[in-house]
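Welcome! Here is a short guided tour for anyone meeting this structure for the first time. Please have a look at the sequence and the model before reading on.

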Amino acid sequence: MINASAHNLGTESAFGVLARAAALGAAGKDIINLGIGQPDFRTPDHIVEAGMKALRDGAHGYTPSMGLMSLRESVAEDAFQRYGVRPDVKRIQIVPGGKPVMFTAMMLLGGPGHEILTPDPGFPIYQSAINYSGAKSVSYGLVEEKGFAFDAEDVLSKITDKTSLVIVNSPANPTGGITPRAEMDQFIKRIADFPHVTILSDEIYDRLVFDTEPLSLLTYPEIQDRLIILNGWSKTYAMTGWRIGYGIWPEKLIDFADRLAVNFHSCVNAPTQHAAEAALKGDQYCVEEMLTAFRRRGRLITGLLNGLDGVRCQAPGGAFYVFANISNTPFSSQQFQDIALEEYGVACISGTSFGGFGEGYVRLSCANSDEAITEAINRLAKMIAQSS
Ligand SMILES: Cc1ncc(COP(=O)(O)O)c(C=O)c1O
């Protein structure tokens with residue numbers, strides 16, 4: 001007999017598309033992958049070196065469940081350098097990726113009788129983990145007309161006395177949208193009226209912003225006793241496969257988060273923690289280089305998509321995705337995804353994988369070369385032309 005909650009688990013269809021693209025590639029088809037959300041760069045050499053050195057030096061045992069103290073101190077220092085706020089290391093937990101922070105948050109704040117507010121379109125694992133916990137997920141829409149930024153008053157209007165958690169994500173997956181500081185200020189000011197609500201700020205893309213100042217909810221002192229920060233190394237340092245991230249938890253939750261980690265994975269593998277420390281302490285030029293490439297490619301793909309019949313696309317404010325409106329093409333979002341991959345060899349993700357508001361959109365990642373992006377959009381142009 002299976003626990004009934006298991007049937008409530010969703011998935012991240014980007015992994016399904018990745019597997020299908022790999023299978024088609026192995027069968028000899030020429031595939032351009034604009035599907036999965038990972039940088040196409042290699043992890044910078046000095047980070048790889050630190051991981052290898054740690055292994056050679058014998059750092060292959062368990063570490064403290066919360067992570068190496070020196071790494072947690074580096075996270076606190078990084079927050080101080082970038083945002084002028086030094087969170088107490090006691091509240092910093094190192095985990096295997098950003099995802100465990102969201103799952104832990106849902107396990108601790110979800111459950112029957114609770115409501116959790118989540119963006120639509122949004123990262124699909126939010127919804128999955130909420131459903132698994134038994135809580136009710138309440139979506140708030142992110143619309144193209146507002147640059148896919150959340151509307152503070154709209155979010156606040158959905159809070160009830162059952163709301164345990166509000167999830168915010170800026171820069172956002174899948175849209176590349178950024179919530180402006182003024183909107184965030186308004187949200188934080190008014191959330192004071194709802195002291196029973198915790199906030200999960202998913203800041204995994206906070207280093208990847210193009211034309212605005214990075215913004216962290218760490219900089220709002222009035223919510224620190226009910227704020228969970230999710231961040232990590234995956235996107236910033238091209239370290240998706242190393243599996244490491246961190247949560248900064250409010251004091252009231254940190255011991256529970258640690259207890260869940262001990263139950264679930266004990267600790268993050270030691271060499272990865274050493275590599276992550278080298279990433280934070282080393283030269284940050286590598287981040288600048290990747291950011292410059294993502295900015296250029298974001299503009300490139302936006303321009304090319306806007307030249308396609310029936311497609312319009314906003315330039316992303318950050319991250320490495322565009323969320324193109326394809327509602328004036330003959331395809332639904334799912335058809336667009338399927339035909340683009342199966343017949344034209346372009347992997348992209350249907351907007352509906354991110355929620356109901358994603359119908360009429362597809363997500364394309366710019367984590368690929370200029371040449372590959374240009375060729376992919378040429379293929380999509382053919383696909384649209386041949387359908388009419
Ligand atoms: C918004 C968002 N949060 C969290 C994650 C998870 O990151 P990680 O690979 O470090 O678990 C992702 C990955 O795609 C993401 O897009």
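## Cysteines

A disulfide is a pair of cysteine sulfur atoms within 2.5 Å. Keep in mind that the model you are looking at is predicted. How many disulfides does the structure hold? The count is 0.

Take Cys286 as an example: the closest cysteine sulfur belongs to Cys366 and is 19 Å away, so the two are too far apart for a bond. Cys286 counts as buried because its relative accessibility is 12%. Cys267 also counts as buried, with a relative accessibility of 13%.

## Strand 6 and its neighbours

Now let us turn to strand 6, which covers residues 198-202 and is mostly covered, with 5 of its 5 residues buried. Which of its residues point one way, and which the other? Thr198, Leu200 and Asp202 point one way, while Ile199 and Ser201 point the other way. This fits a general pattern: in a regular strand the side chains alternate between the two faces of the sheet.

Strand 6 has parallel partners that you can trace in the model. Strand 5 (residues 163-169) is joined to strand 6 by 5 bridges, and the two run parallel; here Val166 stands opposite Ile199. Strand 7 (residues 227-232) also runs parallel to strand 6, joined by 4 bridges, and Ile228 in strand 7 is the bridge partner of Leu200. Between strands 5 and 6 you can follow the chain through helix 7 (residues 181-191), and these three elements make a right-handed β-α-β unit.

## A sheet of three strands

Elsewhere, look for an open sheet of 3 strands in the order 9-12-11, paired in the antiparallel sense. Why is one side of strand 9 and of strand 11 left without a neighbour in the sheet? Strand 9 (321-325) and strand 11 (349-350) stand at the edges and each has a single partner strand, so one side of each stays free of a neighbour in the sheet.

Strand 11 pairs with strand 12 (residues 361-365) over 2 antiparallel bridges. Within this pairing, Ser350 has Val362 in strand 12 as its bridge partner.

## Helix 3

Helix 3 (residues 69-83) has 15 residues and reaches 21 Å from its first C-alpha to its last, close to the 21 Å expected at 1.5 Å a residue. Just after this helix comes Gly84, with a positive phi of about 75°.

Several residues of helix 3 are buried, including Leu71, Val75, Ala79 and Tyr83. What do the buried residues of helix 3 pack against? Their partners are strand 2 (92-95), strand 8 (245-248) and helix 9 (270-281).

## Aromatic pairs and helix 5

The structure has 15 aromatic pairs. One of them is formed by Phe123 and Tyr126, which meet edge-to-face, with 5.8 Å centre to centre and 70° between the planes. Both members are covered: Phe123 counts as buried because its relative accessibility is 12%, and Tyr126 counts as buried because its value is 1%. There is also a cluster in which ring pairs link Phe41, Tyr205, Phe294, Phe320 and Tyr321.

Our last stop is Ser128, found in helix 5 (residues 124-133). Is Ser128 buried or exposed? With a relative accessibility of 5%, Ser128 counts as buried. Leaving aside residues up to four places away in sequence, Ser128 touches Asn8, Leu9 and Gly10.

How values were computed:
Residues are numbered from 1 along each chain as its sequence is written. This is a predicted model: local features need pLDDT of at least 70, side-chain atom pairs count only at pLDDT 80 or more; totals for chains, interfaces and linings use all residues. Side-chain values use heavy atoms; hydrogens and water are left out. Buried means under 20% relative accessible area, exposed over 50%, partly exposed in between (1.4 Å probe, protein chains only). Two strands pair if DSSP finds at least two bridges between them. A crossover is right-handed if, with the strands pointing away from the viewer, the path from the first strand over the helix to the second runs clockwise. Contact means heavy atoms within 4.5 Å. The expected span of a helix is 1.5 Å times one less than its number of residues. Rings of Phe, Tyr and Trp (its six-membered ring) pair if their centres lie within 6.5 Å; planes under 30 degrees apart count as stacked, over 60 as edge-to-face and the rest as tilted.
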